[in-house]
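Open the model in your viewer and keep the selection tool ready, since each stop on this tour names what to select next and then says what is there.

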Amino acid sequence: MGDASLVELSIPQDVLQPLFSASNSSSLEETLENLIEASRTDVGRSGLASKNILPIVLQLSQNLSYPSGRHLLLSSLKLLRNLCAREVANQDAFVEQNGVGVVSNILISAGLLSDPDYGTIRMGLQVLANVSLAGEEHQRAIWHKFFPDEFVALARVRSWETCDPLCMVIYASCDGCPGLYADLCGDFGLPIVEEIVRTACVAGFREDWLKLILSRICLEEPHFPPLFSKLCLFGASSNGEDIEFRNDIFSSEHAFLLKIVSEILNERLNDITVPNEFTSCVFGIFKRSVGVTNSVLQCKSGLPTGLTAIDVLGYSLIILRDICAGKRSLGSSKEDDSMDAVDMLLSSGLVEMLLCLLGELEPPTIIRKGLKQGENQDSSSSYSLKPCPYRGFRRDIVAVIGNCAFGRKQVQDEIRQKNGILLLLQQCVTDEDNPYLREWGIWTVRNLLEGSTENQHAVAELELQGSVEVPELTGLGLRVEVDPKTRRAKLVNIS
């Protein structure tokens, strides 16, 4: 006699018989397989709802002990998942018959093992996800049972198999329920998101539910700083000082969160405005990461490099690039005195800092190769120049400056006053260590000169009226010209 048959003997007949009758089968294993197949279609789910099968399946699940009845329990969860897919009668019956409590007990049993049962947990969460789509009553029933402790416990299961459906349950439950969303962003809810980020960092994720949660928390609402703070290596302070990041050590979870948020922002560049709290926090992270990476070895690869401090530097810079390219931020309308996100960055010294960083870098690869050995070089000063910490760092700096300069006279003036025009002209070259540097360099120079007679005059006076011959570019057969009609800069080949 097999294990399934032994388990079947322990189940009351008033549970088995309705299932056997509905499936025209005489064994529980075959019965569940037949009902799972029948519940794949709308018609099948509706037919089983009319036979009141879901409460019987819940009773069956309660009678199956774990882990001895794992196989049959997994099939029961799969059947429940199918029954609750877009079938209101079954979704309602699930809540009325305490299905949330039944599934909760199963998830606790599967998660308490030293080696958690990812398959059972995933299936149980998929059941809850389908139920949560029925509306606010169902969402609140799930939330009140699982928030916050059981959500935290599930979030600590380090597997993408469980992380994806957990994020779906949480997002679907909060969607349309402002009160539940407020819970998630509060003191008891953010630890759930923290653990989800930690899990996704080590185990990955394959669906977009995590991005939807982070988009809402980090980019649409001002909760990025406390979430970032919770991911500190040595824990967070409970008095609010943790947001200042009192130590200079970043965690891999920090880099991961910045990477995902940078992807979300780039994907939603045209339809999202970011809170100033987010912008200020990211700039603070970038400034701190610059200090940290000064003691970190150069990495020749692009992002992600696998070096936490460098990845934090790079992803925070990319986020700043996209903030400076995006829509005006919350509270930046003409009627509002609040400061636009980019204006806030500019007033905090962003451009000056980036020009400084750019000036400290050794010249682009192609210029270094083109320079004649020993030609008017101070060998002692050349040793003080730094290599790019990662492939693309120079390009990303230039991109941020170019985006800041677009349509902003104060940036055009600041760059000229800080003698940054020549430095930026020197970025209009192809560089094997910085893909698309030439394109970003030309974009930046164009924005510097567009509508700025002062900058156009400064460029013209660098050598000859109407043209600019930068020594490094001339040696490569290149020249920046100012079109006398449009007054726009262009890079031409003079070789």
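## Stop one: a pair in helix α25

Select D413, which is buried with a relative accessible area of 14%, where buried means under 20% relative accessible area, exposed means over 50%, and partly exposed means in between, judged with a 1.4 Å probe on protein chains only. Before going further, note that this is a predicted model, in which local features need pLDDT of at least 70 and side-chain atom pairs count only at pLDDT 80 or more, while totals for chains, interfaces and linings use all residues. Residues are numbered from 1 along each chain as its sequence is written, and side-chain values use heavy atoms, with hydrogens and water left out.

Now add R416, which at 22% relative accessibility counts as partly exposed. The side chains of D413 and R416 meet in a salt bridge at 3.1 Å, N to O; a salt bridge is a side-chain nitrogen of Lys or Arg within 4 Å of a carboxyl oxygen of Asp or Glu. Because D413 and R416 are three residues apart in helix α25 (residues 409-417), about one helical turn separates them. Helices here are DSSP runs of H or I with at least four residues, and they are numbered from the N terminus.

Widen the selection to α25, where V411, Q412, D413, E414 and I415 are buried. What covers these buried residues includes α20 (341-347), α21 (350-360), α24, α26, α27 and α28 (453-461), with contact meaning heavy atoms within 4.5 Å. Just after α25, look for N419, which takes a positive phi of about 55°.

## Stop two: buried charges around helix α24

Which residue does the side chain of R394 meet in a salt bridge? Select D431 to see the partner, for the side chains of R394 and D431 meet at 3.8 Å, N to O. This pair links distant parts of the chain, as R394 lies in helix α24 (residues 393-405) and D431 in the loop between α26 (421-425) and α27 (437-449), 37 residues apart. R394 is buried, with a relative accessible area of 2%, and D431 counts as buried at 6%.

Next select R395 and D396, which form a salt bridge whose closest N and O atoms are 3.1 Å apart. D396 counts as buried at 2% relative accessibility, and R395 is buried as well, with a relative accessible area of 17%. By the rule given earlier, the count of salt bridges comes to 23.

## Stop three: where α15 crosses α17

Select helix α15 (residues 209-220) together with helix α17 (residues 252-267), whose axes come within 10 Å and cross at roughly 85°. The axes are lines fitted to C-alpha atoms over the stretch in contact, and angles run from 0 to 180 degrees between N-to-C directions. The two helices, α15 and α17, are therefore roughly perpendicular to each other, a label for angles of 65 to 115 degrees. To see the contact itself, select residues including L210, L214 and L219 in α15, which meet a set in α17 that includes F256, I260 and I264.

## Last stop: the cysteines

How many disulfides does a search of the whole structure find? The search finds zero, a disulfide being a pair of cysteine sulfur atoms within 2.5 Å. Select C281, whose nearest cysteine sulfur, that of C218, is 9.4 Å away. C281 counts as buried at 8% relative accessibility, and C428 is buried with a relative accessible area of 2%.

Note on methods:
Angles under 35 degrees count as roughly parallel, over 145 as roughly antiparallel, 65 to 115 as roughly perpendicular and the rest as oblique.
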